[in-house]
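User: Hi, I've never looked at this structure before. Could you walk me through reading its features, a bit at a time?

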Amino acid sequence: MPREWSAGTVEPSGGKPTPDEWHAVDVPGRPARFADEDRVAYRRTFPDPRGPDDAVALLELRGLYDGGEVWLNDELVAETDTVFEPVCVPFVPDDGNELVVECRAPDDRYGGIHDTDRVSDADSVPGIWWDVDVTAQPETFVTNVDVTPRVTDEGAAIDAAVGVYASEAVDDRITLTTRPAGERRGRGMMDRASVDAAAGERTVVEHTIELRDPSLWWPRGHGAQNRYEVRAKLGDAVETATTGLATISETEDGIAVNGEAVPVRGVTLQDGTVADVERAIEVNANLVRAHAHALPPAVYEACDEAGLLVWQDLPLVGPGIFDIGRGQDLAGRLADAYGGHPSLAAFAVHDEPTDAFAERVGSGLFDRLRLRWRAWRNGYDRGAADEVAEGFPGDRPVYPVVGEPGTAPDAAALYPGWDYGSVGDLDRVCDRYGLGEIVAEFGAASLTAESESADADEPIAGFDRAKHEDVVGGDDPEASQAYQAELVRGVAERLRTDAAPVVVANALRDTDAAGMGVFARDGDPKAAVDELAAAFEPVQAFLVGASAGECDLVVVNDTPRNVSGTVAWEAGEEDDALDVTVGAFGQATVETVSIPTDAESVDLELRTAERSVTNTYRL
């Protein structure tokens with residue numbers, strides 16, 4: 001639909017929203033002029049889109065944050081209370097038509113990260129965030145195709161739910177064609193399903209498509225991203241959906257895909273976009289975590305194609321009570337909305353439910369006692385989160401609590417060097433509080449070139465000035481990014497050499513002029529990009545506790561294949577080359593090497609038949 005829209009703020013009225021003043025805006029979008037507003041109405045007029053062979057029209061809207069009402073020609077035609085469920089309205093157009101959509105700010109605890117100070121007000125404007133379209137349609141047509149894939153003992157099945165709208169009574173058959181998607185496209189298999197609907201009725205036709213000898217979908221580095229296209233045809237009307245077949249389960253060692261362990265190297269998305277998928281690949285991640293928000297469907301599609309797993313949070317973050325019934329309902333609907341994507345790997349319920357480290361704790365002896373005291377007092381009643389977790393169907397892993405030390409979390413938020421102490425405190429904190437197996441987030445914030453021109457008195461979303469001043473001092477972006485880079489690398493390497501099965505860095509990209517991202521908000525790389533990419537290499541050589549003296553040289557192999565090669569190291573005047581063989585999903589201590597006291601750096605190079613990777617330590 002053309003972007004000839006206007007918008008204005010409204011008050012609750014119980015009827016069609018009517019702003020006092022309309023302003024030109026772009027839709028989809030988040031008009032910054034309405035930052036801090038609770039209700040914004042969007043208006044568009046359009047002519048009858050039908051041609052001579054068309055009978056009706058279909059209005060589709062996606063991404064109404066965080067819910068709202070849809071008025072068409074003065075009639076309330078739809079309501080929604082989530083950003084992730086689409087609105088789909090068949091209608092008979094007039095010669096001229098008026099569409100008014102009222103979007104609302106969250107009024108409960110389920111607004112997610114966009115309802116916090118981690119995302120700027122300008123990026124949290126109630127609006128039509130993802131898509132809007134009006135299309136002409138025949139008398140009877142397919143409105144949508146929802147698919148749920150299943151791997152079975154006999155092969156696989158795809159449960160298809162086909163939405164149909166009938167202007168006139170219909171008794172017909174839908175043709176369902178299933179074939180490999182993408183470059184593997186070939187001959188498909190055909191099914192038929194009956195549809196019986198009265199005039200003016202919307203119905204859903206359900207049919208199970210059986211697949212023999214299916215090709216499974218695998219994460220990148222573990223196999224091909226095989227997918228299937230399901231095409232539903234009724235008369236001349238056609239709709240398609242793409243899905244993939246994979247089993248994803250939780251094991252004692254983390255996550256398994258199709259029965260095979262997958263060591264996770266992930267990054268959080270704070271306001272995810274399609275472009276972030278390529279950025280995640282750039283840092284060698286194989287998972288993205290939708291940090292307390294629902295990702296646009298286009299991001300899931302890009303992850304399906306690229307082979308990135310997706311950890312999907314419920315939009316619930318920060319301290320405070322919440323409605324359990326509402327949470328269970330949203331959990332089920334969230335799983336239904338994204339369940340057709342083979343990349344969907346895990347769920348989480350309550351992110352960081354406590355804030356014991358709002359003020360940083362230092363590194364001294366008394367600071368360690370303060371950290372212990374805060375963690376001891378950091379109790380959290382997880383009962384509500386566990387109940388909400390029951391709303392997620394299926395076998396995918398669910399982490400009810402993502403939290404700080406002291407909360408007994410299912411997945412840890414670990415911030416040594418930022419919330420407390422230094423990177424060297426990681427082992428002590430993990431050992432004392434039973435953390436380090438499933439790590440949902442770690443990292444530090446840094447400045448960017450953009451932040452140099454920002455008003456020092458104005459808050460920056462997702463950036464804690466006090467902590468930054470304590471650990472970095474000053475306002476030099478280069479020094480700030482250097483600190484972040486060393487911290488991110490240090491934690492990532494230590495977790496990998498400790499064989500943590502799930503390691504997720506926070507975050508991929510800033511939401512404002514500074515922040516936790518290893519990329520700035522415009523996508524420019526910070527210094528931490530290269531460091532995280534090196535730490536996340538699937539097969540990499542690490543120097544544990546890099547410093548002068550004796551250090552273990554460890555090679556980690558996250559791939560499903562045995563790796564053999566040579567590790568060469570050089571430090572000052574000393575060097576050596578060592579043969580190494582590491583089993584699939586394993587690691588090996590190659591040797592304990594002695595680093596000279598006068599060495600300024602240590603260079604490692606791991607050479608295999610497939611490739612060569614380097615890792616440099618500055619001492």
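Analyst: Sure. Let's start with a word we'll need: buried means under 20% relative accessible area, exposed means over 50%, and partly exposed lies in between (1.4 Å probe, protein chains only). Helices (H or I, at least four residues) and strands (E, at least two) are DSSP runs, numbered from the N terminus. This is a predicted model, where local features need pLDDT of at least 70, side-chain atom pairs count only at pLDDT 80 or more, and totals for chains, interfaces and linings use all residues. Residues are numbered from 1 along each chain as its sequence is written, and side-chain values use heavy atoms, with hydrogens and water left out.

User: Which residues of helix 2 are buried?

Analyst: Helix 2 (residues 297-306) buries Val299, Tyr300, Ala302, Cys303, Asp304 and Ala306. As a general idea, an α-helix has 3.6 residues a turn, so residues three or four places apart point the same way.

User: What do those buried residues of helix 2 pack against?

Analyst: Packing here is about contact, meaning heavy atoms within 4.5 Å. The partners are helix 1 (275-282), helix 3 (324-338), strand 21 (287-290), strand 22 (309-313) and strand 23 (344-351). After helix 2 comes Gly307, with a positive phi near 85°.

User: Let's stay with helix 1. Is Asp276 buried or exposed?

Analyst: Asp276, which sits in helix 1, counts as buried because its relative accessibility is 2%. Beyond its neighbours within four places in sequence, Asp276 touches Leu269, Asp271, Leu508 and Arg509. Its C-alpha atom is 9.2 Å from that of Val288, 12 residues apart along the chain.

User: Leu269 belongs to a strand, I think. How do I read the faces of strand 20?

Analyst: In a regular strand the side chains alternate between the two faces of the sheet. In strand 20 (residues 264-269), Val264, Gly266 and Thr268 are buried on one side, and Arg265, Val267 and Leu269 are buried on the other. That fits the count: 6 of its 6 residues are buried.

User: Which way do strand 20 and strand 27 run relative to each other, parallel or antiparallel?

Analyst: First the rule: two strands pair if DSSP finds at least two bridges between them. Strand 20 and strand 27 (residues 502-505) run parallel, joined by 4 bridges, and Arg265 faces Val503 there. Strand 20 also pairs with strand 21 in the parallel sense, over 4 bridges, with Thr268 opposite Arg289.

User: What is the strand order in the open sheet that includes strand 4?

Analyst: That sheet has 3 strands in the order 7-4-9, with antiparallel pairing. Strand 7 (87-91) and strand 9 (127-137) are at the edges, each with a single partner strand, so one side of each has no neighbour in the sheet. From one strand to the next, the twist averages 15°. (For angles, axes are lines fitted to C-alpha atoms, for helices over the stretch in contact, and angles run from 0 to 180 degrees between N-to-C directions.) Strand 4 (residues 56-65) and strand 7 share 5 bridges, and Leu59 stands across from Val89.

User: And which strands stand at the edges of the sheet ordered 17-18-19?

Analyst: This is another open sheet of 3 strands with antiparallel pairing. Its edges are strand 17 (248-251) and strand 19 (260-261), each with a single partner strand, so one side of each is left without a neighbour in the sheet. Strand 17 and strand 18 (residues 254-257) pair over 4 bridges, with Thr251 opposite Gly254.
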